[in-house]
Amino acid sequence: MPMANTSCARSTGTRGSGGGLLAAALLLLAPAWPLRAADPQVPSLKVNADPSFPFSREIEAFAKANEAGPPVTDATLFLGSSSIRLWDISGSFPDIGTVNRGFGGATTSDVLHYYKHLLPKAKPRSILVYVGENDLAAGATPAEVAHNVLTLLRQLRTDYPKAHIAYLSLKPSPIRWTLWPKMAAVNMTVAARGRVSGFDYLDVGRVLLAPDGLPDASLFRADGLHMNPRGYTLWTRLVDAYLDGAVAADRKPTSPS
């Protein structure tokens, strides 16, 4: 598998030029991705204070959002981890009602654990799910991740039998490029089960690749993990087209039996 150069997301090889034991030790201690200050327009990830309930603040915020006003009818629910949380959902889809239920660092097990607390007051018209990437980063196997993702999607289908449900494929990112074979395995398994389990599979990873097949670093923030506005613009186009198709399908008259 090609190696992603974290400074430009291109395949390159590096050779040391000597320098003794001290230089070698410094190289080993150097981070694989040079970190810079976070983009000022995007809020930094919050660190949860309570290790027993690591997402208590986020879950409490979702509960307050549900109580803050009338339910958003026929909304599109965005559910998952930080790729959902950092997405400017309302600004990206101004013509539809949206509900953002993304929380940073979440694994699929976390989403399943807090499932009932993540649902909006009104039944959503469509549901977009992005989760599973953090599972692999934490050491879960592709089979375990795919099983949990499918469990979540089946639960959503049971609770919302008429909703349009789509799973957003795991994305290739520079900092986690070594995990890409495992991500691809999860994507393939989940995509194969879509028709049987009653959900759609939306490939949102291919648009983040450069022509050489490696992650395009210009679409990511300085951390090499989260997308910048350019990356989210590409996702928005794909999801917007999917939602337009879902609306068209709802309006299509059913043929008499």
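1. Buried means under 20% relative accessible area, and in this predicted model Arg176, at 17% relative accessibility, therefore counts as buried. The side chain of Arg176 forms a salt bridge with Glu133, in which the closest N and O atoms lie 3.1 Å apart. This pair links distant parts of the chain, since Arg176 sits in the loop between β4 and α9 whereas Glu133 belongs to helix α7, with the two positions 43 residues apart in numbering.

2. Glu133 is itself buried, with a relative accessible area of 3%, and salt bridges that share partners join Glu133, Lys171 and Arg176 into one network.

3. Within that network, the side chains of Glu133 and Lys171 meet in a salt bridge at 2.8 Å, N to O. Here too the pair links distant parts of the chain, Glu133 being in helix α7 (residues 133–137) and Lys171 in the loop between β4 (164–168) and α9 (180–197), 38 residues apart. Both Glu133 and Lys171 are buried.

4. A further salt bridge is found in helix α2, where the side chains of Glu60 and Lys64 meet at 3.5 Å, N to O. Because Glu60 and Lys64 are 4 residues apart in helix α2 (residues 56–68), they are separated by about one helical turn. Glu60 is partly exposed, with a relative accessible area of 43%, while Lys64, at 52% relative accessibility, counts as exposed, the cut-off for exposed being over 50%.

5. As for the total, the count comes to 5 salt bridges, among them the pairs Glu60 and Lys64, Glu133 and Lys171, and Arg176 and Glu133.

Notes: Residues are numbered from 1 along each chain as its sequence is written. This is a predicted model: local features need pLDDT of at least 70, side-chain atom pairs count only at pLDDT 80 or more; totals for chains, interfaces and linings use all residues. Side-chain values use heavy atoms; hydrogens and water are left out. A salt bridge is a side-chain nitrogen of Lys or Arg within 4 Å of a carboxyl oxygen of Asp or Glu. Buried means under 20% relative accessible area, exposed over 50%, partly exposed in between (1.4 Å probe, protein chains only).
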